[in-house]
Structures are given as C-alpha cells and as structure tokens.
Amino acid sequence: MSNDKGDLAICRRQLLAGAAFLALGMSRSGATVIFDHLPWTPNAGNPPPRPVPGPWHFFRGDEGRTAEALADRIIPPDPQTPGGTDAGCADFIDRQLAGPYGRQEGLYTRPPFQNGAKNQGHQSEQGPAQQYRKGLAALNAACKVKLGGRAFYELSDADKDNVLHGIDTGDFKLDGIDGKAFFEQVVKDVQMGFFADPIYGGNRDMVAWKMIGFPGARYNYLDWVSRHNERYPLPPVSMTGRIEWTRG
Amino acid sequence: MRKRVPLALAWFGLLVAIVSRPAIADPQDFPQIERGRYLAVLSDCASCHTVPGSNQQFSGGRSIETPFGNIVAPNITPDAETGIGTWSDDQFEAAVRKGIRRDGSRLYPAMPYNAYTKMSRDDVLAIRAYLNTLTPVRNAVVANTLPFPFNIRAAMRAWDALYFTEGEYRPEPNQSTEWNRGAFLVTGPGHCGACHTPKTFLGGDKTDQFLRGSYLQGWSALDITNDSRLGLGRWSKEDIVAYLRSGHNRITAATAPMSEVIALSTSHMTDPDLNAIATYLKSLPGKNDGTAQLAANAPPMVAGAAIYRDQCSACHGLDGKGVAELFPALAESSLVRSDDPTTAIRIVLRGARSVGTDAQPTAPGMPSYGRQLDDAEIAAVLTYVRNNSANIASAVTADQVAKVRHDTATRPD
Amino acid sequence: MTRRLPKKDVVIIGLGWTGSIMANELTDEGLDVIAIERGPWRDAPTDFPPTYIQDELRYRVRHELFLRPDQLTFTFRNKMDQTALPIRSWGAFMPPNGVGGGGVHWNGETWRFLPSDFVLKTHLTERYGAAFLPEDMTIQDWGITYDELEPFYDRFEYLCGTSGTAGNVRGQIMEGGNPFEGARSRPYPTPAQPQPFSQTLFGKAARELGYKPFPQPSGNLSQAYTNPLGLKMGPCTYCGFCEWFGCANYSKASPQTTILPYLVRKPNFTARDNSEVIRINLDKSGTRATGVTFVDSSGEVWEQQADLVILSAYTLFNVQLLLHSQIGQPYDPAKGTGTVGRNYTHQTISTVNGFFDPKKFNFNPFIASGSIGMCIDEFNGDNFDHGPHGFVGGGYMGQVQTGGRPIESTIVPPGTPKWGAAWKSAVKENYLSTVKPGTGVHGSFYSYRDIYLDLDPTYTDRFKRPLMRMTIDLKENELKQNKFLTDKFAEIIKAMGAQKLHVQYRTGPYDITTYQTTHLNGGAIMGTDRNTSVLNRYLQSWDVPNLFVLGASAFPQNAGYNPTGTVGALAFWAATAIRSKYLKNPGRLVDA
C-alpha cells in the first residue's frame, strides 16, 4: 500500500500465525480481534499527565512574558479571583502549543492550501504554534514602533488595553498577520485555560470554577436533580481531586 | 423337541451374570463418561490443566503460582507420549486420590489430591473415562520447575505425613442428604479449601481455620463460612446459588480467579448441587469477633467520604447499595470487610472485569484508580467503605496499599 | 500483496449501532459473522472511566473520541460553482470512529419520526399543492410507512431502555406525552427522566402559553434496567458530560451497554478493530459483492470474502465507499442522472440564550443528562398549517441544555465586552442563572437538487483516494422555517422570566465551522424507484442485491428530530427482511 507520509509502516506480519489465529478465531494476541469475551487489561486507561511546573516548554525569549501580559488583560486580577497569569493561563497556552494542538496533530494538512471563504474554515499550513510565534512577535514589534520603543508587556495596563481595543476595531494593525484573528484566538485560548481542568496548567486551584460555582469533575448529582433553585454546596473537584481527599 | 433349560439354572446364570459384572462399568459406557464429565466440571480440572485462552483443553502447560515457586500443570489428554494415554487406571487413581505420580514419586499439592481423595475410585475412573474421549494433544510439559530445595519430591513424603489423610468422604449420619452432598462437593472435588483455607508456612491447611480466607497469587480469597461480618452470614442461600451460577448476585460480582471457577465449573453445576453447597457453607460457624466500627469523624473516614462521594458514588450509589447485578453493593459486601484487604485494594488499583455468563452476560468492569489516587487516598476510601453504613472492619493503611501496588505491578489478571 | 482470509457468511463494515444490531440478528440466525471496524475497541471501564472522562478540553474542544481529519476528511463548498476546500478541522459536525460509533458519544435523544414524514412528498403535495414546494426541492416518500416501522421503533426503544412518557398509545392520547407523535403500541420501557430546574421552568412557561410540553425521550436511563438480551444498565446520574463523551456508569444506551457483551460471547461472531475497509469488491458482473478489502494498522492489506455484505459505517462513509467501489451510478446534479450522493441533508439548528436575574434564579446547569429537556412539538413536521407562512418543515423546540461545562457555558449577555474586567464579572454574575439550550430549535432539513455528495477532483486521503465532496447550503425554505420557530422559542424563554435574550437565528450561508449536530443524512437513500434512490425499501442495494446499506444515509430528507431512533428501527427492519425473506431466497427483494 502506498506510503507517502510514512504513516503506514509496512511491516511483514507472520502470515501463518496471522491466518491461523484468525481462522481459529481464538485467543487474542493483540487488541485487534475481539472474540468470545470482552477485552480487558488491568491498569487500563489513558488519563492526561499531571502538569509539570517549571520553565516554558514552548515560549522563547519574551514570548512567555507577552503571553502573561495578554492573559492579565483578558482576565484582569481582582480581589476575589486571580487574573489570567496567576491562574496559569499562560502556562496552559504554553503546554498546549508545545503539544499536539500546537502541531496541528490529527488535522488534515495536505496541500494544496488555497484561500477560501471564511465559512470554509482554517486553510493555513501554519498551525497554532507558528501563529503564536508570529503573532506575539508582531504584537511586540508594532508596540515598539508605535509606542516609543516599548514592547507590549512593558506598557501600562491602560495602554495595553488601548492596544487590544485597537486590534479589535482594526485601528491598531499588526504587520504580516491578521491581528484581529490572532487576538480572537488568544482570547479564546486564555479563557479556555481559565476554565479547563487544572491538570492542563490553568485554572490553578480551580479558581475559575470557584468563581462561577461550577462543581468540577463530578459525576453524581442524583440527589440534587429535584432540588430546584438551591445553591449547590459542595466544593469543586478536579481530575486530580480536591484538598478534602487528603486532609479530611 | 425344544431343549428346556431348568428354571433354576436360568436364575443361577442370571445371578452369575450380575455378580461377575465388574465393579467398574465399561469405560465406553455413555453414563460413565457423562458422570466423568460432570465430575471433571465439579473438580474444575480444565482450569489448571489448560492454558487460558487456548482451545486445547486439558493439554497442560499452565504455570500455577505457589508460595514456593511456579509449577506447570501436565497434559492430561490421552496422548500416548505427552499425555496420560498409556497410564493404567491404578496409576490414574493414585495420582488423583493419593498424590503419587506414575513413577512413584510424589505430586505437589498444587494438585489438590488432599481434597480429591474424598472422591471414590469409581468417581475418579469415571473422570478417566471422560478424559479418554478427548482428542489427544501432543504437548510435552516440563513439570519439575520449582527451585531447589522444593524440587526434591521425596520431601513431599514428610509433608504428606503432616497434612494428608487419604480416604473417601464419609457422610455424617446426623446431617441431611443435601448437607452431606454439599460437604462432599466443597471438601472433595470442589476443593474450595485449596484457595479459601489459610495455609501454614509449609503450605498445608490450617485446619482449625477451614474456609476462613487466605492470600494467594496476589489476591485475598474470602472467608466463606457463615460469619456475619466476614463471610456469608448476610447472604441467603439464593444469593450463594445465584453467585455460583451466574457470577453475580444482588450484592457482588465475581472477578479474576473466581471468574474462572464460575465460568468453567460452578455455572455448569446442577441447581440441586449449588443448593447443597450453599446449605453446607451456611452451616459453618463464623468466628464472630468483636471488631468495632471506626467513627465517622476519624480523619481517614472524612477523607474517604469525600473521595467516595466524588468518585465512587456514581456507580456504587450514595448509599453504597450499588445497582443489583451491575455495581456491587459495597455497604453489604463481605469482600469489602475482609480482614485481609488485598483483593479490595487490588480491584481499586487495577480495575477489574467481572465474569460474563449466559445468565448474566453484562460483565461490567471497574475502572483502574491506581494513577488518580495515591496510596493514602486509596487507604482512606477503603477505610471509609469498610466502616460506612453497617460495615465494620479494620482501617486500611497506606503501607498495605503500597505493598499490593508493588506486588501486582507485573502480574497479569 | 493482498492476503485472503477464510470466507464468512456475512461481513459487516463498521461496528456502530446498526452494525451491532445487524450482527446480533444475523448471528442469532446461525450465520458466521465478522465485523470490521476502522477505529479502536472502546469500553467504559478502560476508555471512559469516571476518573478522567469529565474533561471538557480533551473531549469537547479537542474531540478526542472522534475520527481524526488526518485519517479521513471531506471537502466542502456551498455552491456548485465554488471550489471545495478540505475540512481540515471539524466544526459543523464530528464524524464518529471506533467500536460503538456515534452510539458511544451521542446525547441519547431517542425520537420517532412522524407518520407524515415517511410519505412527505405525497402528504405535502396533497395538502398544499405541488406549487407550494420550492422548485429545486427533491423530497421523496421513503417507501415504507410509520405503521410498518412502528414495531421496530419499539424494539429499538426496548433494547435501549429508553426513558420517556408516551403521548399516543394505540390511538389514545396520554397526558404528559407528545400528543403529535405517531401511535405507539406500548409505553416506553422506563419512565421519563426527572427534569432539573430550568427545564421544568420551560415546561411550565410552555404550558401557560397553551402548548403541550413533554420530557424529551432519553437514552440516558431514569432507573436500572435489564434489556431483552439480559444486559443491565444503571440510572443516569446527570453528570453533564454526555454528548462528545462516553458514559462512565453504564447508564447511556450504546452498543457497548445494550448489545456487545451479549454478542461477543457467541462463537459465530468475531470483530476486528483498527481495520479500515477501503473497498467493497464486486464480481465481474458488477451485480454481486464478493467481500471487502481492508487495511490494518500496520498497513497490511487483507481481503475478507463473504456472501452478504452489510455497509453500516455511518452516512458519510457509506456513501463514500459506494462511490469508491463504483456501486451504483454517482449523482450528477447538472445532468440530473445517477443516484449515489443525492438528497444529502443536515439539520437546521438554532437557539435562544436567556439571561435571568441571578438573585432570583439558580439553575445549576451542570446537573443535566444528554437527553434532558421539556420540549414542544407543535411546530414540527406538518403539525401546523404552513399555508400562511410560505415554507414547509419544522422541528421540536425545548430547553435542551445538556450540561454547564464552563469553557462553552460561560456566556455573557449581548453587548458585554468579550474580554477584560467587564467580561469577567459578567461571567461570574451570569453563569448559574443563564439558560443555554444547545439545540433549542431542532428543525428539519429537506433535500435539494444541488445539495449532494460526490468525489473531489483535487484532494486525496492517505490511500490516494479522492476525498468526498459536500456541496451544501441553507436554502430559503429552511431559513424561513428557522426564523419562525426561533421566534416562537424566544417567546417561551421570555415567558420563563428571562431579563435578556440572545436570539441566534440560523443564517446562511451554511458554515462548516460552527457545530450544527452530526445528523448528516442521505446520499444512499431508500425509495420505491431505482432511478431516484440507491436502496429499496428494505435498504437493499438496487444494483447489488447481496449488499444492504444501513444508517441515516437512507433518509431521503431529514425530519425535525434526532435520527438515531429511526436509524435503529430501520436496522431492525432490514435485519428482519434479511432473516425472513432474503436468506430463504437470496436475490432482489423488490422488483426493480
């Protein structure tokens, strides 16, 4: 079979073993043939890996600082709830861009790449990883040019907001990229990191879930279905648990 | 003129015919073979003597784990060279009922001859007759795989002297026919004590703790006396019969080693036999110790309650009662309360698939919690479940969990 | 080199709902059956356990349980004079993959179509006249009636344990059910799911406006259930992680919970996962299927021969395989010839979000099942007089909010900034007091001459086969239908007590980037005339009598309901035809 991307490894299977084992239809040697009983393996499952704190995996140079600055304007800190940076939204984006999402893994990335109508969806060869590199660089470059040599993260909060509003309206243009589309993506990603399970690096200590009253990764509300218009009292729990699991 | 045979002579001939009928029926006789087939089911020969997943039953090669090392079960198909095709009846009986191999050396009690001895010679030869009808399989098995010094079979002579009493089952005259049938099945071909009776350090039965539960192969086999906390005390006869017949009842589900027993043996037993087993087991008095319930506000109980609420209650219920024949009722389970919590810990760590039978095909699975929960969390939630509602049991420690985690890391299920 | 496997009686392509139903029926008949599934084996304890399935990012946003476009995708354009471009990342729909197919991650909404839906062309022409229908509308009668299908709807519902309140039992209209539904022979197997607060409030508001609301029929069970195969399910616990997610506690009807454990035990059934069928093979005459060719995960190519081929791979993959195997004539809209690919449809969806006073309303939106919701059917099908309105079709509407997962459910009232402090405080204020139905208005999507499927001239998949091309747009009829329905829906949301509404009509052009259900239908439709359909009324191919094609690809147009109930019923219907007619006398069941 054709093999242009190397994604179908051609390996010689033992014909005799294969045919014999298929003909008998008995004993499963791999996960490929299901016969006689439901498959089972102990310790099964594929949970997401726990977050590894530490240096950036994806961001280079001042990209991380820029992402944090953006996160804190998109979700500013307030006395009740941390902002985007403290909640870990930049960490979230960093880990996502370093992973399969950043690489567009699983998406159809075959050529030809042609521009189409907006409702035909994303048609770029460049995935989120490249878009962020370009976008963050363009943002800082534009700020340096138009705002006295200062990068985005060096501006005051009010100035940062002005820049971002300007990108929204089209008044503040970024060179070489569609600034509005990039910023829309950043808003989406920051907010996503805010509300996703803390295992992905954002929503640290479930601060976002506590803010809105979402009980998290729970699975049983049977005793609450018929309790209408009452505040749900249990604290949120994430996939890695909650403090009551250890402290009692 | 027709010869007239004197009547007396005819009667005499008949008598001779009856008397000189051999004690053992013709091995090709259908009733004999069918009786042997059923006895082989009762004895669960197929389980040890077949590699799991193989379609060549009784051909041996399965590695049996013992505390002294692994033993490989031999080929008992009638193959002339690699099976028992050329064995005599006496040799077969000696092996099954007395623990003596064809060459005169001793068998290890991984072969439960100390239970099978309770069957009669007739029984055992019926099994032989059934085995003789199977397709011979050529499969040479190396049986002597125990490490030194356990590979010295002569030492078994001493072991046998301590732990083996040869002899058929003797019915107790004060008990019912049903009870005696159950006692025969449990102590004889069923060999339940092989797993469920705790062992001495030499691997013999602790006879004063008959069926009170034991540890083996990374599992804790449960107490199956009528103890109300640890055993079958809160099970009805019907619960026991349903469990053995289908692998599931209103309280619990069978998994791993017991799955195999049910799939290959008990689910094929007759209802009267299952009832007899239930009658017998329920007659065995429990130890009824005075363990106290842990208070609900003890720290592991509080932590365990939180974990239970968040993770376990979606299947096992907020009240611990589960869903009948789907999710075990932890609040009523003797497995949960077992003194040795190995099985409960193992199930939580690795997950488990319950057995599917014709009567109960769903075979629901328990997911694995070994990655999400650490040792202390698993210890807490088990402690909670063991002492919640009407359950009473000792706390589980993080060390116990760590030990099972380490021990089962490389085991298959 | 293609390796040949020992021949089987039946090969089933795709082990989802219809493949599992057919496999179970045919193995009961004693046939030797093999099912070949492109994706992996899946089961609750090993693949969607309650330790990590509650992960909105992974399963809703990154759609991890679904087919990867890299493995197979499609191209899309609105109009025939446009260049179609690849769907590089899913948006408007999410194709299933893996054992269980869409049955693993559906919402469980289990509806029946209306009696008039099955004879739509005849019915609408009689009532409104042929001139009332748009000139390019190509709706057709199905070739079967609701009454013929009713016993099979019943079978599917009892297989699933569907929870609901019957509205019409043998002609008697029942209080609390859907008064418009076709007559059913008996009530649902389990009672309807109790409704959380916002759904109950919707029902109350609808009733006060004079409608007859009823609970949505649910494949998430209200109580423990044992189905006719002896398989056990538990009660749904309202986790709010239903659509896009597998069910962790055996309470959502799926092939895994209702068929597979029973089926797998049979000695005459085998399944292969991670094996992609790439072609149905025909003999020299082109009128008999000899089996299939498939590729395993190592890239090895195998041939599985069989006497009977069941194509049950989901609408899109069904049509694509027919095209790639050159079975039947591809549809050409310009010439008006051919049948494979015609009458392709989707669903016309819209919603209205309601923002309520947070001091008075706490909806706990996270308490929900996939098929929750009080609904009304007054505006579905031809349940109302379309004369004054100038469109045909309709749909049900309801407070169908299946969860409060925060990435998607933290919406803010219109006019609120999209980011910043104002956004943050609006999210905080509104989360618990917002009504956000997913498919609040769930409308029909009728078929048109220039909405169809064919093969793309440019883009290919990893086997160098052309991708299938979708040409699809929203027509005036559907947009009118949607505006009318959405306005009615908005009235009810307002009557619930909402302070602010965000009315979101479905507008054209059809957008491949916004999710509109995965109810894709047609392309291999059933019918009475082989010139305008691919299958006869038993879902048997007109061209290749030993091939049956199951799934919503058979729908000549889409009604205003979720398709799975009808998909399941049709599978049972086809299986019965095979068992009682075809096997006794293999060949055409209907004269061409």
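Is K79(C) buried or exposed? In this predicted model, K79(C) has 12 other C-beta atoms within 10 Å and is therefore exposed, a label given to residues with 12 or fewer such neighbours. Its place is in a loop of chain C, between β3 (74–77) and β4 (85–86). Although K79(C) and I472(C) stand 393 residues apart along the chain, their C-alpha atoms are separated by 6.9 Å.

Chain A offers a second residue to look at, F113(A), which sits in the loop between α3 and α4 (128–146). F113(A) counts as partly exposed because it has 14 C-beta neighbours inside 10 Å, and the partly exposed class lies between 12 or fewer and 20 or more. Once neighbours within four places in sequence are set aside, the contacts of F113(A) are with Q123(A), S124(A) and E125(A). As for I34(A), it is 79 residues from F113(A) in sequence, and the C-alpha atoms of the two are 41 Å apart in space.

A word on confidence is helpful before going further into chain A. The average pLDDT of chain A is 87, and 87% of its residues score at least 70. Over residues 1–31 of chain A, however, the pLDDT is below 50, and this stretch has 40 contacts in the model beyond near neighbours in sequence. Where pLDDT is low, the predicted coordinates should not be read in detail.

Helix packing in chain A can be followed from helix α6 (residues 179–195). Helix α3 (residues 89–98) of chain A packs against α6(A) at an angle of about 105°, and the two axes are 8 Å apart. Since angles of 65 to 115 degrees count as roughly perpendicular, α3(A) and α6(A) are therefore described in this way. On the α3(A) side the contact involves C89(A), F92(A) and I93(A), which meet D189(A), V190(A), G193(A) and F194(A) of α6(A). Sorted by class, this contact has five nonpolar residues, one polar and one charged.

Helix α2 (residues 63–74) of chain A also meets α6(A): the axes cross at roughly 80° and come within 10 Å. These two helices, α2(A) and α6(A), are therefore roughly perpendicular to each other. Here L70(A), A71(A) and I74(A) of α2(A) meet V186(A), V187(A), V190(A) and Q191(A) of α6(A). The classes in this contact are six nonpolar, one polar and no charged residues. V190(A) takes part in the contact with α3(A) and in the contact with α2(A).

Chain A also touches chain B, in a contact that takes 22 residues from chain A and 26 residues from chain B. On the chain A side, the largest share comes from helix α8 (residues 244–247), with four residues. That side has 11 nonpolar, seven polar and four charged residues.

Chain B itself is divided into domain 1 (30–163), domain 2 (177–282) and domain 3 (299–408). The C-alpha centres of domain 2 and domain 3 of chain B lie 21 Å apart. Between them, 28 residues of domain 2 of chain B are in contact with 26 residues of domain 3 of chain B. On the domain 2 side, β4 (219–221), α10 (237–246) and α11 (256–264) of chain B are the elements that give two or more residues. Of these, α11(B) gives the most, with four residues. By class, the domain 2 side of this contact has 11 nonpolar, 12 polar and five charged residues.

Note on methods
Residues are numbered from 1 along each chain as its sequence is written. Chains are lettered from A and ligands numbered from 1 in the order in which they are written. This is a predicted model: local features need pLDDT of at least 70, side-chain atom pairs count only at pLDDT 80 or more; totals for chains, interfaces and linings use all residues. Axes are lines fitted to C-alpha atoms, for helices over the stretch in contact, and angles run from 0 to 180 degrees between N-to-C directions. Angles under 35 degrees count as roughly parallel, over 145 as roughly antiparallel, 65 to 115 as roughly perpendicular and the rest as oblique. Two residues are in contact if their C-beta atoms, placed from the backbone, lie within 7 Å. Ala, Val, Leu, Ile, Met, Phe, Trp, Tyr, Cys and Pro count as nonpolar, Asp, Glu, Lys and Arg as charged, and the others, Gly among them, as polar. pLDDT is the predictor's confidence in each residue, from 0 to 100. Domain bounds come from an automatic or database domain assignment.
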